[in-house]
Amino acid sequence: MASGDIVPIELGLTDGDLVTLWAPRWRDGDDEWEAFLGHEDALYGFESVAELAAFIRTNADNDLVDHPAWKVIAGLSAVELEPEENFSFDLVAVPELAAGEPDVDTVAELEDTLGMVRNIGEVCELETVTKFFGSHPVLGALPGGVSAFVGRDGEELWDQIGAAIAKGWDDVLDAIDSVVRTPEVDAEAVAVAEAELLAAEENVVDADDAADSDEDEEFEPVDLDEEEDDEDEEDEDESFWHEVGIDPVKIITSEGSVFTLRCYLDDEPIFLGSKGSITVFSSERALARYLADDHEHDLSRVSTFADVQTAAVDGSLEVEVTDENVYVLPGLAEDLAEGPEAVDIEQLDLAVELFTDAADYADDDTVEQALAQSTPLGWYVSYLLNPDPTRLAPNPPFAAESQAWRELERNLESRLDKQ
């Protein structure tokens with residue numbers, strides 16, 4: 001979500017689900033703004049995407065017409081105005097969420113929904129809403145993720161959040177309901193938008209039918225001997241590192257290249273290191289020499305690490321880094337600042353993987369928070385790594401996103417303990 005976007009969202013309110021538009025904070029000269037589709041004291045919501053599309057195309061008297069992306073949003077098809085799943089906020093379900101167990105999905109959904117409610121309260125100047133958040137600072141624990149609610153203290157914290165919501169949420173919901181309006185929309189424009197949605201749905205059905213038809217076609221006969229030969233070749237290609245389930249890793253930072261090891265146990269990353277610090281070396285040879293000696297580190301509890309040490313001791317160990325384990329960080333921040341077309345998607349994807357693995361290894365949710373789609377950087381990165389033709393392209397400038405990425409790079413580099 002880059003500054004300058006307008007995002008379709010869905011709000012679950014007392015009278016049902018409504019769709020509208022949200023413009024995250026954007027800068028106009030020296031001023032910073034945030035807005036929703038509406039006019040003066042009213043927030044506009046529509047029962048269907050077709051009505052929303054029709055209104056946008058025929059109305060020039062609302063609070064978003066001066067937004068830099070208004071012409072873009074007004075030119076979208078009705079299909080492109082359907083809110084994505086992560087931009088659906090069920091305000092009615094908040095008490096139920098807060099009364100449940102604080103698992104990862106529940107905490108994330110509650111945080112996102114409360115964040116949107118806070119935005120509405122600020123933009124629409126709803127004193128009841130802003131007072132609710134100001135009176136309950138305990139809600140500030142939600143961005144800490146599920147780890148904030150572990151243990152006795154965490155359980156008590158979650159109970160305090162539930163109590164705050166149980167006490168004040170009805171008033172919050174009433175305040176928001178009071179400013180929501182559904183303006184009249186041109187019937188012909190609605191019919192046009194409905195036809196677009198119907199045509200898109202039929203195209204999806206046709207594509208599914210075509211896929212099913214392809215699956216029903218006869219397959220080419222398979223030469224089993226040839227398959228066995230291919231499998232034999234793959235077996236021969238399996239390296240020592242593949243057999244032990246540990247990967248040599250090369251990280252290229254602004255200060256040069258370093259090497260380390262990483263594996264996964266139950267999908268959890270474990271690096272050569274300890275206490276969240278990753279031990280790295282300036283060359284493959286230096287890494288191999290280190291592995292030949294006894295050291296205390298987290299990889300030593302991996303059962304196959306003994307094979308690695310044995311090979312290092314007898315001199316047969318070769319540290320070979322495959323392409324998918326080479327992470328190139330320099331230049332990504334500058335490319336992100338330049339715009340989507342300048343970014344090497346493959347290297348970005350790998351860098352996100354590395355940042356996430358290193359943070360998970362250290363039980364740190366900083367990366368998860370920075371790359372959440374509710375942040376400008378998270379929205380931008382998601383747009384690049386998960387392309388969707390119906391998603392609005394981020395709009396420049398991208399200085400804030402680039403700076404946030406640099407912080408992630410610095411965060412990673414601070415974890416590297418060079419030997």
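# Aromatic pairs, salt bridges and a negative patch

Tyr380 is buried, with a relative accessible area of 0%. Hi everyone, that is my starting point today. Please keep in mind that we are looking at a predicted model.

So what does Tyr380 pair with? There are 13 aromatic pairs in this structure, and one of them joins Tyr380 and Phe398. Their ring centres are 4.6 Å apart and the planes make an angle of 20 degrees, which puts the pair in the stacked class. If you look for the two partners along the chain, you will find Tyr380 in helix α15, residues 376-385, and Phe398 in the loop between α15 and α16. They are 18 residues apart, and the pair links distant parts of the chain. Is Phe398 buried or exposed? Phe398 counts as buried, because its relative accessibility is 3% and the cut-off for buried is under 20%.

While we are on aromatic residues, have a look at Trp22, Phe87, Phe89 and Trp379 as well: these four form one aromatic cluster.

Now let's turn to charges. Side chains of opposite charge can pair when their charged atoms come close. How many salt bridges does the structure hold? The count is five, and I would like to walk you through some of them.

Let's take Glu196 and Arg57, where the closest N and O atoms are 2.9 Å apart. Glu196 sits in helix α7 (residues 187-216) and Arg57 in helix α1 (residues 49-58), so this salt bridge ties together parts that are 139 residues apart in sequence. Both ends are partly exposed: Glu196 has 25% relative accessibility, and Arg57 has a relative accessible area of 31%.

Next come Asp357 and Arg262, with 3.2 Å between the closest N and O atoms. Here a helix meets a strand: Asp357 belongs to helix α13 (residues 345-361), while Arg262 belongs to strand β9 (residues 256-265). The two parts tied together are 95 residues apart in sequence. Are these two residues buried or exposed? Asp357 is buried at 8% relative accessibility, and Arg262 is buried too, at 2%.

My last salt bridge connects Asp364 and Arg415, and its closest N and O atoms are 2.6 Å apart. This time we are in loops: Asp364 is in the loop between α13 and α14, and Arg415 is in the loop between α16 and β14. The partners are 51 residues apart, so to speak two distant parts of the chain linked by one pair. Asp364 is partly exposed, with a relative accessible area of 21%, whereas Arg415 counts as buried at 12%.

Finally, let's go to the surface. A negative patch there is formed by a group of Asp and Glu residues, among them Asp17, Asp90, Glu96, Glu101 and Asp103. Which elements give two or more residues to this patch? They are α4 (104-123) and α6 (151-179). Of these, α6 gives the most, with four residues.

One patch member I would like you to find is Asp90, placed in strand β6, residues 88-90. Asp90 counts as partly exposed, at 32% relative accessibility. That is enough for the patch, because members need over 30% relative accessible area and no salt bridge.

That's my tour, from the stacked pair of Tyr380 and Phe398 to the negative patch with Asp90. Thanks for listening!

Terms used:
Residues are numbered from 1 along each chain as its sequence is written. This is a predicted model: local features need pLDDT of at least 70, side-chain atom pairs count only at pLDDT 80 or more; totals for chains, interfaces and linings use all residues. Side-chain values use heavy atoms; hydrogens and water are left out. Patches are made of residues with over 30% relative accessible area and no salt bridge: like charges are joined within 9 Å, nonpolar side chains (Val, Leu, Ile, Met, Phe, Trp, Tyr) within 5 Å. Accessible areas come from the Shrake-Rupley method with a 1.4 Å probe; for residues, only the protein chains shown count as cover. A salt bridge is a side-chain nitrogen of Lys or Arg within 4 Å of a carboxyl oxygen of Asp or Glu. Lys and Arg count as positive and Asp and Glu as negative; His and the chain ends are not counted. The place of a charge is taken as NZ of Lys, CZ of Arg, CG of Asp or CD of Glu. Buried means under 20% relative accessible area, exposed over 50%, partly exposed in between (1.4 Å probe, protein chains only). Rings of Phe, Tyr and Trp (its six-membered ring) pair if their centres lie within 6.5 Å; planes under 30 degrees apart count as stacked, over 60 as edge-to-face and the rest as tilted.
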